[in-house]
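Reader: I should like to understand how the terms used for this structure are justified. May we go through them one by one?

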Amino acid sequence: MDSIMDVRIEEAGYSEQKASIFEIEFSLYPGELVGLIGPNGAGKSTTIKAILGLLRHMKGDVRFKSGEMSWGYIPEQPVYYNQMTLFEHMALAAAVYGMSKEQLKTRGDMLLERFKLKHVKHHYPTSFSKGMKQKMMLIIGFLHSPSIYIIDEPFIGLDPQGMQDLLEFLGEERRRGAAVLMSTHVLDTAEKICERFLVMREGQLIVAGDLEEIRSRSFRPEGSLFECFQILHQGVE
Ligand SMILES: Nc1ncnc2c1ncn2[C@@H]1O[C@H](COP(=O)(O)OP(=O)(O)OP(=O)(O)O)[C@@H](O)[C@H]1O
């Protein structure tokens, strides 16, 4: 199967003088969910920002295979305008994506229902809880049915129902061929849902593969992702 995104980062970072990530290469295939994992400061968010072209210093390239490629990015920290309601944020995003009013209504209502924010559609996000703000970011990022979802740590603020709603939604999107790259610290969930893992340490990709590969690289044939992760990060390979 052809990949839908090929990433080849020689080095990238926040200033020309100092790179934070090095030699990161991987491809994303239609329908898969890939977990980007690593301890705090390993370079997960920086990798995502490099892919999205948000960094000043980036040597390398990101190639998309098909002409009609679109992505939805959900940042780790909610970003919003205090003076705009949830629906106004959705309308702004829909305008940027070039969606019609009907598309906004159909898809927007479905997502509001799905993530249980319909009752606060016309409220300001300043009055939202942490999880509600996170769900708002999901709704905005999911609005235009992108081919690639890039999600930076989605699980921390979500309640169990919110997590299940998100996973079910992503499952449906993957069945229509969308690919998901997701950074997370929630390794027991990642173990259950991801098909492949990209394991980072100190700005580099140290292992890439499915759970079997991760187990074999950490000499724990029966190990959980968490156990393998600890071994890989102690550098005992
Ligand atoms: N805005 C920034 N300016 C300068 N350096 C940064 C900035 N953000 C991150 N870094 C540096 O880049 C490196 C990688 O950080 P990054 O945020 O990518 O890690 P992470 O794996 O996403 O961590 P976490 O799990 O804590 O979110 C760290 O050394 C960090 O200090």
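Reader: How many bridges join strand 3 to strand 7?

Author: Strand 3 is joined to strand 7 by 4 bridges, and the two run parallel. This is a predicted model, in which local features need pLDDT of at least 70, side-chain atom pairs count only at pLDDT 80 or more, and totals for chains, interfaces and linings use all residues. Residues are numbered from 1 along each chain as its sequence is written. Strands (E, at least two residues) and helices (H or I, at least four) are DSSP runs, numbered from the N terminus.

Reader: What makes strand 3 and strand 8 (residues 196–201) a pair?

Author: Two strands pair if DSSP finds at least two bridges between them. Strand 3 and strand 8 have 4 bridges in the parallel sense, so they pair. Val34 stands opposite Arg196 in strand 8.

Reader: Why is strand 3 (residues 33–37) described as largely enclosed?

Author: A residue is buried if 20 or more other C-beta atoms, placed from the backbone, lie within 10 Å of its own, exposed if 12 or fewer, and partly exposed in between. In strand 3, 5 of the 5 residues are buried, so the strand is largely enclosed by the rest of the structure.

Reader: Which residues of strand 3 point one way, and which the other?

Author: Leu33, Gly35 and Ile37 point one way, Val34 and Leu36 the other. In a regular strand, side chains alternate between the two faces of the sheet.

Reader: Which residue of strand 7 is the bridge partner of Gly35?

Author: The partner is Met182. Met182 is also the bridge partner of Ile151.
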